[in-house]
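Biologist: I'd like to know what stands behind the words people use for a protein model. Can we go through some of them together?

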Amino acid sequence: MKLLEQIFEIANKNPDLIVLAEREQKFTYRQLFVAVSEISKQIKERTLVNRPILIFGKNDFISLAAMLAANLTGHAYIPVDAHTPFERTEMINSAAKPAVVITTVKLSEDFSALFTDRISVNLNTLSLDEKLPELDFSQAVSGTDSNYIIYTSGTTGVPKGVEVSHDNLVTFTNWMNNDFNKIENNQILSQALYSFDLSIFSLYPSLTTGGTLVSLSRDETTNFKLLFERLNSTVINTWISTPSFVDICLLDPSFTEKEHPNLVQFIFCGEELTKKTAEKLLTAFPSATIYNTYGPTEATGAISSIKVTEKLLTENDRLPIGFAKSGVELKIMDGEIIIIGDSVAKGYFENPEKTAQAFFTVDGKPAYHTGDAGSLTDEGMLRYQGRIDFQVKFNGFRIELQDIEANIQNLKDIEKSVVLPKTNDQHKVTALIAYLESDKTFADRAEERAFTKQLKAELSKTIMDYMMPTKFIYLKKFPLNQNGKVDRKALAQKERGDN
């Protein structure tokens, strides 16, 4: 059965169940499919080529309905957050060449000019009071059809789109629904951007089991006061986020089991879960179940998990990342974690060169080079040992350092750039340090700060805000190693020396 049909069955049986709760409004499964039906009709009114549909909007009910409507009409969707810089959105739009763009927010003049062929939808254009519609699922995505394409950092500065099939998503959803705690009327935190693959941990497991998505707006995730007003007035059963986001929440004394007795399950992915965070969380929520999971966007969310216990924390200096899900085999080749099986995505959308570099086959099965260093115990438990290339996780977001470097080097007065991660004793990336080779001279610190501010303003047009380097260091010349390459280790040592 197609995922959309599974979700529709929930709506058929319990149309008045709450599917998604925003700060100001709640929506039912019936209303979701009324919206899906109306948006899909607008899609069908156009004679579209068989290409993906770009969804430009926020984490909200309308964007969710638009994504499902795209799938209902046989199109993959490309989620792009409305806060993405214009130049980066332009690059994604140019690379994807979508059949049409569905916008769910009011557009600025620049974005209006970019999205000339668009369908604009909002709550005022939909008749959500209608009864549950009859839908035809014959054209809906299924099997090896592409379900969604998420654009991630690329080493050349141009984002690349990870193409995930319907079957990839089914195997992930089934794993989430079967291998983690089953909670009746589960209210699941939906905090991650739809354009970030962590969002599928919440979306599809909730939708296919009749759960409720507790959706946080950008305002709430970036404003401490608003965040805790919402959390303290809302029931959440399953918490899904990056470890960095829960670190923020643990700063508030109200984030405890006593104040949130219904919060019984935590699932983490997106970056390394440190022992310190896990210990703090177990202290605050001693009865809760905590899972550490692992997996790149190219392997559909996550492919391994482990339950975090006091025993696990005592026996390990660095938390393991678990055992492979059903349908996945893990291998270590030359120290690198290789993922094999039904979770491996189709490749990078219309990018055969990048696909050939990262995707391959093992014994006829799809496989992916993760770029992560790791090891397997005799029992098959996976341990993560850092990146083998220049890709890092910072504040929960996967970032290609060379992506930032490429964009910096396009700026005036900059000859070369190297971006390096700074880590703490828990192996967690705490900052991104940008080293810039430039002939620019500064009379004093104030002039340097002014130049840095100007540089950041220019850089913000082409990279996401979470990719912005924390610190900028200006050098006349980069040190070179014996091979004539930039000596990254020497640069890292220089930064430590400066502090």
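Modeller: Here come some questions and answers about this model, which is a predicted one.

Biologist: Okay, first one: why is Glu163 called buried?

Modeller: Its relative accessibility is 14%, and buried means under 20%, so Glu163 gets that label. You'll find Glu163 in strand β8, which covers residues 160–165.

Biologist: And what makes the link between the side chains of Glu163 and Ser146 a polar contact?

Modeller: The two side chains come to 2.5 Å, and the cut-off for a pair of N or O atoms is 3.5 Å, so the pair qualifies. Setting aside residues up to four places away in sequence, Glu163 also touches others, including Tyr148, Ile149, Lys346 and Phe349.

Biologist: Now Thr212: is Thr212 buried or exposed, and how do you know?

Modeller: Thr212 has 9% relative accessibility. Buried means under 20%, so Thr212 counts as buried. Thr212 lies in strand β10, residues 212–215. Leaving out neighbours within four places in sequence, its contacts include Val19, Leu20, Asn186 and Ser206.

Biologist: How far does the backbone oxygen of Ile18 lie from a polar atom of the Thr212 side chain?

Modeller: That distance is 2.6 Å. For a very different pair, take Thr212 and Ser304: 25 Å separate their C-alpha atoms, and they sit 92 residues apart along the chain.

Biologist: Next, why are helices α6 and α7 called roughly perpendicular?

Modeller: Their axes cross at roughly 80°. Angles of 65 to 115 degrees count as roughly perpendicular, so the name fits α6 and α7. The axes of α6 (residues 166–179) and α7 (residues 199–207) come within 9 Å.

Biologist: Which residues meet there?

Modeller: From α6 you have Leu169, Phe172, Thr173, Met176 and Asn177, and from α7 Ile200, Phe201, Tyr204 and Pro205. Phe201 touches Ile240, Ile267 and Cys269 too, among others.

Biologist: What about the largest nonpolar core: how many residues does it have?

Modeller: It has 105, and Leu32, Leu64 and Phe201 make the most contacts inside it. Helix α3, residues 61–72, is the top contributor to this core with ten residues. At least three residues come from each of domain 1 (1–384) and domain 2 (398–494). There's also a second, separate core of 30 residues, with Phe228, Val246, Leu273 and Ile306 among them.

Biologist: Speaking of domain 1 and domain 2, how far apart are their centres?

Modeller: The centres are 31 Å apart, taken over C-alpha atoms. Even so, 26 residues of domain 1 are in contact with 18 residues of domain 2.

Biologist: What makes Glu350 partly exposed?

Modeller: Glu350 has a relative accessible area of 48%. Buried is under 20% and exposed is over 50%, so Glu350 falls in between and is called partly exposed. Glu350 is in the loop between β18 (347–348) and α13 (352–358). Its phi is positive, about 50°, although Glu350 is not a glycine.

Biologist: Why would anyone mention a positive phi?

Modeller: Because most residues other than glycine have a negative one. Asp413 is another case, with phi near 75°. Asp413 lies in the loop between α14 (401–408) and β24 (416–423).

Biologist: And why does Asp413 count as partly exposed?

Modeller: Its relative accessibility is 34%, and the label covers what lies between 20% and 50%, so Asp413 is partly exposed.

Definitions and conventions: Residues numbered from 1 in each chain as written. Predicted model: local features only at pLDDT ≥ 70, side-chain atom pairs only at ≥ 80, totals over all residues. Heavy atoms only, no water. Helix = DSSP H or I, 4+ residues; strand = E, 2+ residues; numbered from the N terminus. Buried < 20%, exposed > 50% of the residue type's maximum accessible area, 1.4 Å probe, protein only. Polar contact = N/O pair within 3.5 Å; in protein donor to acceptor, adjacent residues only side chain to side chain. Contact = heavy atoms within 4.5 Å. Core = buried A, V, L, I, M, F, W, Y, C linked by side-chain atoms within 4.5 Å. Domains from an automatic or database assignment. Axes fitted to C-alpha atoms, helices over the stretch in contact; angles between N-to-C directions. Parallel < 35°, antiparallel > 145°, perpendicular 65-115°, else oblique.
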